[in-house]
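Me: I would like a close look at one part of this model, followed outward to whatever it connects with. Please take it slowly and give the reasoning where there is some.

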Amino acid sequence: MAYRNICNCNNYCVALVVLFMGVLSSNAAAAASNSFNVMKFGAKPDGKTDSTQAFVKTWASACSSASGQANAVMYVPKGRFLIKAVVFRGPCKTRRVTVRIDGTLVAPTDYWALGNSGYWILFIKVTGVTVVGGSLDAKGAAFWACRRSGKTCPVGARSITFNWANNIVITGLTSINSQQTHLVINSCNNVVVRNVKLIAPSESPNTDGIHVQSSAGVTITGSILQTGDDCISIGPGTTNLHISNIKCGPGHGVSIGSLGKELKEDGVQNVTLTNAVFSGSDNGVRIKSWARPSTGFVRNILFQNIIMRNVENPIIIDQNYCPNNQACPNQSSGVKISQVTFRNIQGTSATAEAVTFDCSPSHPCTGIRLQNIKLTYMNKDATSSCKNIDGTSSGLLVPESCL
């Protein structure tokens, strides 16, 4: 009835329909024109043809698309795309850029082809970028073998890095066999990492899952991290980091640090890890610092609702960190650790000592809290040890608290 009331003249109705269809067509065309397919810029999905420049050109077009557009899409269809070291640089004219990956990005088999830049895929000075789906295969095995052989090797590449970036989302991404760290978040604000899978063999060196440093407002959730180094490492200058619903192992656990290698160093504060499962990892939740003077600090940290399954060192503060016992400074750590809570952590330890607090003699740990801890070793109560620490304990405590 309403249609007949408005359209009481056939010519008028035809005009309305034509106008309406024209608007729809115009909007569809605008949307289509704001999507940029890497194959249209020359990328080949055969896993053999170097598509690096095609990706660079696609990014340049998406990034510089008409000012004021709500969103541009850089689209990577199904297939395997070989790319060398590549930089996606901002700022962009469009307010948001979505990099949608339905295929796999593959690094060259020759690890020297990525050079000594330290990165494979780098986003720098971008705002409002979302990376959705897809896989990264860095083919790291040959590089790890070079490292183990003692031969001259390049520095190694981190698979995907965000430097000086804001309002970033990384969701549904899978990264395998990174040469070094899978995902780096450096000097960024407001980053969400959601439902990612980062996988490398347990013996692969320095293949951290996610490294965060000098960044604020980072959220990591719903992710599977199986690596040869830290599942998540948290570096100097990290504030307001929230980690939840992760699975870690194999790997070296979730580590704040190592800190204090430099004299002047920003601190780490306001970090929460909740609802996590660690399986067969070399550590659980760890804070580590070098035994040398430093202005660094760690404060306001919460580890809670965590399950440990056959984990070495489930809870550990190590302020005498010195990997491989080489060039150890044999001094006292200047990193001040305070207000750290371990709450509702249970499961099994692969080491007799499940709780280790080895704090600095010159800057003792303060405000350390243990609440409801139950960790066993070979069906018996595990043990704990404390050095240079002040704190409180409450609730069920296995092992018996040394605080």
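Are tryptophan 59 and phenylalanine 88 buried or exposed? Please start from there and go on to the rings and the cysteines.

Reply: This is a predicted model, and what follows should be read with that in mind. Tryptophan 59 is buried, and phenylalanine 88 is buried as well. The count of aromatic pairs comes to 10, and one of them is formed by tryptophan 59 and phenylalanine 88, whose rings are 5.4 Å apart centre to centre, with 40° between the planes, which is a tilted arrangement. Because tryptophan 59 belongs to helix 3 (residues 52–63) and phenylalanine 88 to strand 5 (residues 86–89), this pair ties together parts that are 29 residues apart in sequence. The two rings also belong to a wider group, since ring pairs link Trp59, Phe88, Phe123 and Phe162 into a cluster.

Helix 3 and the stretch after strand 5 are joined by a disulfide too. Cysteine 63 is bonded to cysteine 92, with a distance of 2.1 Å from S to S, and the torsion about that S-S bond is about -105°, so the disulfide is left-handed. Cysteine 63 lies in helix 3, whereas cysteine 92 lies in the loop between strand 5 and strand 6 (97–101), and the bond therefore links distant parts of the chain, 29 residues apart. Cysteine 63 has a relative accessibility of 8%, and so counts as buried.

The disulfides come to five in total, and two others can be set beside this one. Cysteine 146 is joined to cysteine 153 at 2.0 Å from S to S, with a torsion of about -105° that makes the disulfide left-handed. A disulfide also joins cysteine 359 to cysteine 365, with an S to S distance of 2.0 Å; here the torsion is about -100°, so this disulfide is left-handed. Cysteine 359 and cysteine 365 are both buried. Cysteine 188 makes a useful contrast: the closest cysteine sulfur to its own is that of cysteine 92, 14 Å away, which is too far for a bond. Cysteine 188 is nevertheless buried, because its relative accessible area is 1%, and the cut-off for buried is under 20%.

Cysteine 146 leads on to helix 4. With a relative accessibility of 5%, cysteine 146 counts as buried, and within helix 4 (residues 141–149) Phe143, Trp144 and Cys146 are buried. These residues cover an arc of only 155° around the axis, so they sit on the same side of helix 4. An α-helix has 3.6 residues a turn, so residues three or four places apart point the same way. After helix 4 comes glycine 150, with a positive phi near 85°.

Two further ring contacts are worth a look. The ring centres of tyrosine 111 and tryptophan 112 are 6.2 Å apart and their planes are at 35°, so this pair is tilted. Tyrosine 111 is buried, with a relative accessible area of 17%, whereas tryptophan 112, at 39% relative accessibility, counts as partly exposed. Elsewhere, arginine 299 lies over the face of phenylalanine 297, at 3.9 Å from the ring centre.

Technical notes: Residues numbered from 1 in each chain as written. Predicted model: local features only at pLDDT ≥ 70, side-chain atom pairs only at ≥ 80, totals over all residues. Heavy atoms only, no water. Phe/Tyr/Trp six-rings, centres within 6.5 Å; stacked < 30°, edge-to-face > 60°. Helix = DSSP H or I, 4+ residues; strand = E, 2+ residues; numbered from the N terminus. Buried < 20%, exposed > 50% of the residue type's maximum accessible area, 1.4 Å probe, protein only. Lys NZ or Arg CZ within 6 Å of the ring centre and 35° of its normal. Disulfide = S-S within 2.5 Å. Arc of directions from axis to C-beta.
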